[in-house]
Amino acid sequence: MSKSLKLYGGVAAGIGLMLVGAYNFADRNIAGYPSNPQVLADLPAPIPEPVAPVQTAAAPDAADPAALDGGIVAAAHADNGDSTGLRFGLGREALAEEIAAWDVDVSPDGTGLPVGTGNALNGEPLFEDNCAACHGSFAEGVGNWPKLAGGDGTLADDDPLKTVGSYWPYTSTIWDYVHRSMPFGAAQTLSDDDVYAIVAYILYSNDIIDDEFEVSNETLPTITLPNADGFIVDDRAETEYSIWRTEPCMENCKDSVEITMRATVLDVTPDEEGTEPAVDPAPAAAPAEAAAVDPEPEAEPAADPAAAPAEDTLDPELVAAGEKLFGKCKACHQIGEGAKNRVGPQLTDVVGRDIGAIEGFKYSRTMADMGGTWDEDILGAFLANPRSAVKGTKMAFAGLKKDEEIAAMIAYLKSVSD
């Protein structure tokens, strides 16, 4: 064999081995060719241009009422075939269920009230859970949050207290507001019966209904609030607007401007020396006249201390202050002649009475098993913090924070006790 033949034979064998190795490597490590490989295709057809430009409403002619109706009203009713405006094909007609969900208005005559019922007894725990954090356990308010009860006869005061009982005209407003906006942060989560029960508790807190009165869609409109007649129809459009639209009077003007009235409630009038209105000194003669009319009363004969009743030793001013404070308790407790148990037991003769002794009233287990009598020390501790003094008491009242208030309340309770 020649040298050339040997050389070519070795090269051919080497190439063959290299090809066999490459095939084995490719067979083990390179993925197979896909059966449906991606291929380039034709580009999609271009988006056709609109046949006609989008129609836009022309500015209506301000002098033509019909054109105004077509330009403004038609936009709101664009899909209405009867509309005089352009049709844009937007939106759809609202479903009856959608309208019913949005239409939550309640009228004073009861229109819009859903079927439901509730009373103050059921409303108290609901009010405590959902409302008391802001409006107080007895609707007396917390901090700067609104009071919902009280204020009777204060509308003419310098700082009137406007509540459901003193100011609001219609019960429907209470239901509507509670249903629409309360509880704070969780509006419209209460059932209709829950709303009726809370409204009943608010009315009960204002001494407008009894605790067992069933407030419902039928009875709520029949309840008349104390200030229902305290409002007048706004007739300024007929009585005053014509006056304001005339030329202002510029004759007989005052030479100087002085503050004659101070906005004490809003405190918006700046305090400046020399602006105080002059005080009429005329009333100074009144005391002399009164002194001439009223002779010096004769001294009362000394009373026998031993015969004086116990209540005569009470400070009348302290008793009066306690009676005023008892307004916080009236929502649940009655006191005095003919007092009956309500949410809480009646409190006539409570001082010196056995604890948990009112027959027929359902006390908490702790109170019923407490024993002892309501002396001043126990009363004072209970009035300061009921839940701390009697664990498990049903009384939700947070307590009186000031010692003088506790003393006044005890004095008032003693004044109606044997």
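**Note on a helix crossing, an annotated span and a buried phenylalanine**

1. In this predicted model, the crossing of α13 and α15 is right-handed. Helix α13 covers residues 376-384 and helix α15 covers residues 403-415, and their axes, which come within 10 Å, cross at roughly 125°. That angle makes α13 oblique to α15, because an angle over 145 degrees would be needed for roughly antiparallel and one of 65 to 115 for roughly perpendicular.

2. As for the residues that form this contact, α13 contributes Glu376, Leu379, Gly380, Leu383 and Ala384, which meet Ile406, Met409, Ile410, Leu413 and Lys414 of α15. Sorted by character, the residues of the contact comprise 7 nonpolar, 1 polar and 2 charged.

3. Turning to the annotated span, an unreviewed UniProt entry carries the annotation "transmembrane region" for residues 7-26. In the model, residues 7-26 are 100% helix and 0% strand, and the C-alpha atoms at the two ends of the span lie 29 Å apart.

4. Where does phenylalanine 361 lie? Its place is in the loop between α11 (316-325) and α12 (365-368). Phenylalanine 361 has a relative accessible area of 16% and is therefore buried, the cut-off for that term being under 20%.

5. The surroundings of phenylalanine 361 include a stretch that precedes it in the chain: leaving aside residues up to four places away in sequence, phenylalanine 361 touches Asn341, Arg342, Val343, Gly344 and Pro345. Of these, arginine 342 is 19 residues from phenylalanine 361 in sequence, while the C-alpha atoms of the two residues are 8.9 Å apart in space.

Key:
Residues are numbered from 1 along each chain as its sequence is written. This is a predicted model: local features need pLDDT of at least 70, side-chain atom pairs count only at pLDDT 80 or more; totals for chains, interfaces and linings use all residues. Side-chain values use heavy atoms; hydrogens and water are left out. UniProt positions are given in the numbering used here, feature names are shortened, and annotations may be inferred rather than shown by experiment. Helices (H or I, at least four residues) and strands (E, at least two) are DSSP runs, numbered from the N terminus. Axes are lines fitted to C-alpha atoms, for helices over the stretch in contact, and angles run from 0 to 180 degrees between N-to-C directions. Angles under 35 degrees count as roughly parallel, over 145 as roughly antiparallel, 65 to 115 as roughly perpendicular and the rest as oblique. A crossing is left-handed if the near helix is turned anticlockwise from the far one by less than a right angle, and right-handed if clockwise. Contact means heavy atoms within 4.5 Å. Ala, Val, Leu, Ile, Met, Phe, Trp, Tyr, Cys and Pro count as nonpolar, Asp, Glu, Lys and Arg as charged, and the others, Gly among them, as polar. Buried means under 20% relative accessible area, exposed over 50%, partly exposed in between (1.4 Å probe, protein chains only).
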